[in-house]
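Grab a pencil and work through these exercises with the structure open beside you. Try each task before you read its solution.

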Amino acid sequence: MTDELARRIDLLHGVWNIVPTPFHPDEELDLASLRTLTDFVVGSGVDGMTILGVLGEAAKLSDRERSQVIEATLEQGAGRVPVCVTVSAASGHRSVEYAREARAAGAQSVMLSAPPLSRPNDDAVRRHYLRVAEQVPELPVVIQDLPALGVWMSPELIGRMAAEAPNLRVVKLEEEPTAPKVGRLLAANPDLRVLGGLGGEMLIEELRRGAVGTMTGFGYPETLVAIMRDWRAGDEEAAVARFHRWMPLIRFENQQLLNLPIRKHIYMRRGAIASDKVRAPGPVLDAQTVADLDDLLQRLEPDIAG
């Protein structure tokens, strides 16, 4: 492993915010809001940003729009926080193209999920990851372990891939229950670096099993930053107390299907983006969900003000 790759891997810890893609009410890409959102997220104190993930609506973007999102985010965040670009695609060829583009634009790392397979098998998944890793050997390729996309990866498979390619040493682990798998994965492969996800719902339990942080979205990223600050300082009690104060909102925001529109609505309320539009087809918040969110935020006002 080169010194530069090791340095890049070391940066993948703490809180990496999964950034949504803003749209105008007519569903056109809103680059101005992307810039204000980038400033907002950077200002929250996160360790890094991840763009074009599942909740970045990457599948609804054209390749030209992808390039615009990468360019605007990296330009706005230049020199302030590292950026990880998701390069998942239905084919290895396209993922390689996306990874090369991200490297040329100045991304710190890329994230890759397993491709959709009619018959998922370890060898096909392994070849896919190694193909991309070999094309950008100087960049960490974050393994997104997300069975919701249809592919399950065992600790043995992940460890085997990491042994074959030094830039496959970071895992965004999202197989539930997450905490036990964090423990199993690190017990078998202690050289790996594991980040949690899934809205941060199991952040404390993942940290207790050896995770080094979380790569997830949340409308109040500064809260996750504060939890990690307490944890890094060795004050587990303070981290747990803060986590449980905010858990009602973390749980509420992370509802299946509604997580993205809720998150966008929060960012709009906070002035980070102009519209909470989700590109169709996609869920729309009903009035009662918005009222329930208002109730939660009112109850958290003392913490929000602090």
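**Exercise 1. Sort the residues lining the largest cavity into nonpolar, polar and charged.**

Step 1: Get the classes straight: Ala, Val, Leu, Ile, Met, Phe, Trp, Tyr, Cys and Pro count as nonpolar, Asp, Glu, Lys and Arg as charged, and the others, Gly among them, as polar.

Step 2: List the lining, which is Ser113, Ala114, Gln144, Leu146, Leu149, Val151 and Met153. A cavity here is a set of points on a 1 Å grid over the protein atoms alone where a 1.4 Å probe fits but cannot get out, and a lining residue has an atom within 4 Å of a point.

Step 3: Sort them, and you get five nonpolar, two polar and no charged residues.

Step 4: Add the volume: about 50 Å³ of space lies in this largest cavity, taken as the space filled by probe spheres set on the points, with grid points joined across faces, edges and corners. The structure holds one cavity of 30 Å³ or more.

A word on the model: it is predicted, so local features need pLDDT of at least 70 and side-chain atom pairs count only at pLDDT 80 or more, while totals for chains, interfaces and linings use all residues. Residues are numbered from 1 along each chain as its sequence is written, and side-chain values use heavy atoms, leaving out hydrogens and water.

**Exercise 2. Find how strands S4 and S5 are joined, and place them in the barrel.**

Step 1: Helices (H or I, at least four residues) and strands (E, at least two) are DSSP runs, numbered from the N terminus. Two strands pair if DSSP finds at least two bridges between them.

Step 2: S4 (residues 109-113) and S5 (residues 141-145) run parallel and are joined by four bridges. Ser113 stands opposite Gln144 in S5.

Step 3: Zoom out to the closed barrel of eight strands, S1-S2-S3-S4-S5-S6-S7-S8, with parallel pairing.

**Exercise 3. Describe how helix H10 meets helix H11.**

Step 1: Axes are lines fitted to C-alpha atoms, for helices over the stretch in contact, and angles run from 0 to 180 degrees between N-to-C directions.

Step 2: The axes of H10 (residues 236-253) and H11 (residues 259-269) come within 8 Å and cross at roughly 125°. That makes H10 oblique to H11, because angles under 35 degrees count as roughly parallel, over 145 as roughly antiparallel, 65 to 115 as roughly perpendicular and the rest as oblique.

Step 3: Leu249, Phe252 and Glu253 of H10 make the contact with Asn259, Ile262, Arg263 and Ile266 of H11; contact means heavy atoms within 4.5 Å. By class, that contact has four nonpolar, one polar and two charged residues.

**Exercise 4. Locate the cis peptide bond between Glu176 and Pro177.**

Step 1: Its omega is about -5°.

Step 2: Pro177 sits in the loop between S6 and H7.

Key
On a 1 Å grid over the protein atoms alone, a cavity is a set of points where a 1.4 Å probe fits but cannot get out, and a pocket is an open set with protein on both sides within 12 Å along at least five of seven lines; lining residues have an atom within 4 Å of a point.
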